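Colleague: Please walk me through this model, and give me the reasons as we go.

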Amino acid sequence: SSSHAALVIIGTGMAGIGLARALRRLGDQRSITLISADSGDDYSKPLLSTGFAKGLAPDKLAQRNAAELGDELNARIITHTPVAALDVDNRTLLLDAGQAPNYEKLSSEKLSSEKLSYDTLVLATGAAPRMPFSIDPSVAPRCFTINDLDDYRRFHQALGQGPARVAIVGAGLVGCEFTNDLHAGGHHVSVIAPEATLLPRLLPAPLGNALGDAFNEAGIRLCLGCTIDSLAPSSGDDIVLRLDNGEAISADLALMATGITPRTALAEAAGLSVSPSGIQVDRQLRTSHPDIYALGDVACVDGVNAMYVQPLQASAKALAATLAGTPTSVSFGAWPIVVKTPLLPVVAYPPTTPPERWRIEGEGGDISALAENKDGRLIGFALTGGCVRRKVELSRAAPTLLG
Ligand code: FAD
């Protein structure tokens, strides 16, 4: 037998929960089932990279657990249960309940079958960490990624009580935020990345260098322009990262922050249109299949997958309206990314096409960089230090992300 629900949402991240909440806010009473591979805790993912400075225990980051969430939303929440396949012709999900050893204990509801049918399906499966190289089993227990609350729990546990030496691989947003946060939490941090400057996809080099200077002055070790030749166990519990420039870094833990990839496998296997940027959806968040929608980090909306919170919130609102009977197209404003690096505040709204020139002004840590097209129009910007206060003024002048 299979249990029945009108709306099934796969994923209990900010996108999946945000959609369910937006529907209830509209007064929509339909039956909603949320199903998740993880614990189903309702938490704010951006806070993961602010928790170590404050010494926050993992449970302090969860606003409510799955059972409380189910009560709030009047929804059924199935946790620790990966969806293994979609059968779009029969509108059925195939579940992998056997995957989770603690399934009965942790799930807020025990499923009577391994199938779940839907009338409408929403894919909110997020994005998974990308690994640049395979990690040898001998060092795997010391190597981490932090992309959800369960990851944060594991890393928090591994850090232990005293200060730890943490090698962070990757100089993007996640790498730089954890660098600043772990440093503020009293840990000894090294950053290793192949690019020559920090935040290479968000900041032109002079601003990346300004952030690098702030990190250096704080005592953070930067190994930029380097790749890792080997990652091996050493004496005791140490690991050693050998770099292509001959340097060796000893650490207690390695944190891999080497990018994320939309989790499109389910959709792709079911024959939906996907690309490396995500599941292809139109402005109404509809996939190539009429009963199936997608939003959040997994969705590429009319060619744009922004992978941050404001676009997914706008998507949740628009999709809730559409599902409740008012077809609504989503649009994304000129929403800059605020990087949580208190050692030097950074705000960036990267241009979507390569700019003709960057107009860079300022000195020390206070720099503004304006990206212009060949007609001299502002198409993006990046700000550091005191210049971050130009955020509102420049956002008003910049083109929207998805008009
Ligand atoms: P996720 O939160 O990844 O949720 C995906 C869900 O799908 C999970 O519940 C997962 O278990 C489930 N799932 C996946 N596959 C399956 C399956 N097969 N079966 C069942 N369930 C499945 N953005 C900002 O705007 N500002 C910030 O300051 C900011 N800081 C960040 C800091 C960090 C450290 C990180 C990692 C990200 C940050 N972001 C920030 C990005 C932002 O957090 C994400 O864009 C957002 O959380 C994505 O939400 P989501 O619901 O799409 O995906």
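Colleague: Is Asn180 buried or exposed?
Modeller: This is a predicted model, in which local features need pLDDT of at least 70 and side-chain atom pairs count only at pLDDT 80 or more, while totals for chains, interfaces and linings use all residues. Residues are numbered from 1 along each chain as its sequence is written, and side-chain values use heavy atoms, with hydrogens and water left out. We call a residue buried under 20% relative accessible area, exposed over 50%, and partly exposed in between (1.4 Å probe, protein chains only). Asn180 has 4% relative accessibility, so the label is buried.

Colleague: Which helix holds Asn180?
Modeller: Helices (H or I, at least four residues) and strands (E, at least two) are DSSP runs, numbered from the N terminus. Asn180 falls within the run of residues 173–184, and that helix is α6.

Colleague: Which residues does Asn180 touch, leaving out those up to four places away in sequence?
Modeller: A contact here means heavy atoms within 4.5 Å. With those sequence neighbours not counted, the residues that Asn180 touches are Phe215, Lys340, Thr341, Pro342 and Leu343.

Colleague: Which helix gives the most residues to the shell around the ligand?
Modeller: A residue is near the ligand if one of its heavy atoms lies within 4 Å of it. The shell has 33 residues, and the closest are Ala15, Val83, Asp297, Val309 and Lys340. The ligand also makes polar contacts, which are pairs of N or O atoms within 3.5 Å (within protein, one must be able to donate a hydrogen and the other to accept it, and residues adjacent in sequence count only if both atoms are side-chain atoms). With 3 residues, the biggest giver is α6.

Colleague: How far is the ligand's nitrogen atom from a polar backbone atom of Val83?
Modeller: Let's start with an oxygen atom of the ligand, which is 3.0 Å from a polar backbone atom of Thr12. Another backbone contact runs from a ligand oxygen to Val309, at 2.8 Å. For the ligand nitrogen and Val83, the distance is 2.8 Å.

Colleague: And how much of the ligand's accessible area does the protein cover?
Modeller: Accessible areas come from the Shrake-Rupley method with a 1.4 Å probe, and for residues only the protein chains shown count as cover. On its own the ligand has 1000 Å² of accessible area, and the part of this that the protein covers is 89%.

Colleague: How many salt bridges does the structure hold?
Modeller: Side chains of opposite charge can pair when their charged atoms come close. We count a salt bridge when a side-chain nitrogen of Lys or Arg is within 4 Å of a carboxyl oxygen of Asp or Glu. The total comes to 19.

Colleague: How far apart in sequence are the parts that Arg91 and Asp291 tie together?
Modeller: Their side chains meet in a salt bridge of 2.9 Å, N to O. Arg91 lies in the loop between β6 (83–87) and β7 (92–95), and Asp291 in the loop between β20 (278–281) and β21 (292–294), so the separation is 200 residues.

Colleague: Which partner does Arg165 have in its salt bridge?
Modeller: Arg165 is partly exposed, with a relative accessible area of 28%. The partner is buried, at 18% relative accessibility. The closest N and O atoms of the pair are 2.8 Å apart, and the partner is Asp238.

Colleague: Which strands stand at the edges of the open sheet with β20?
Modeller: Strands of a sheet pair through backbone hydrogen bonds, either parallel or antiparallel. Two strands count as paired if DSSP finds at least two bridges between them. This sheet has 3 strands in the order β19-β20-β22, with mixed pairing. Each edge strand has a single partner, so one side of each is left without a neighbour in the sheet; the two are β19 (274–275) and β22.

Colleague: Which residue in β22 stands opposite Val281?
Modeller: β20 and β22 pair in the parallel sense over 3 bridges. Opposite Val281 in β22 stands Val301.

Colleague: One more: which residue in β17 is the bridge partner of Phe144?
Modeller: Strand β10 (residues 143–144) runs parallel to β17, and 2 bridges join them. Both faces of β17 (residues 253–256) are covered, with Leu253 and Leu255 buried on one side and Ala254 and Met256 buried on the other. β11 also runs parallel to β17, joined by 4 bridges. The partner of Phe144 is Leu255.
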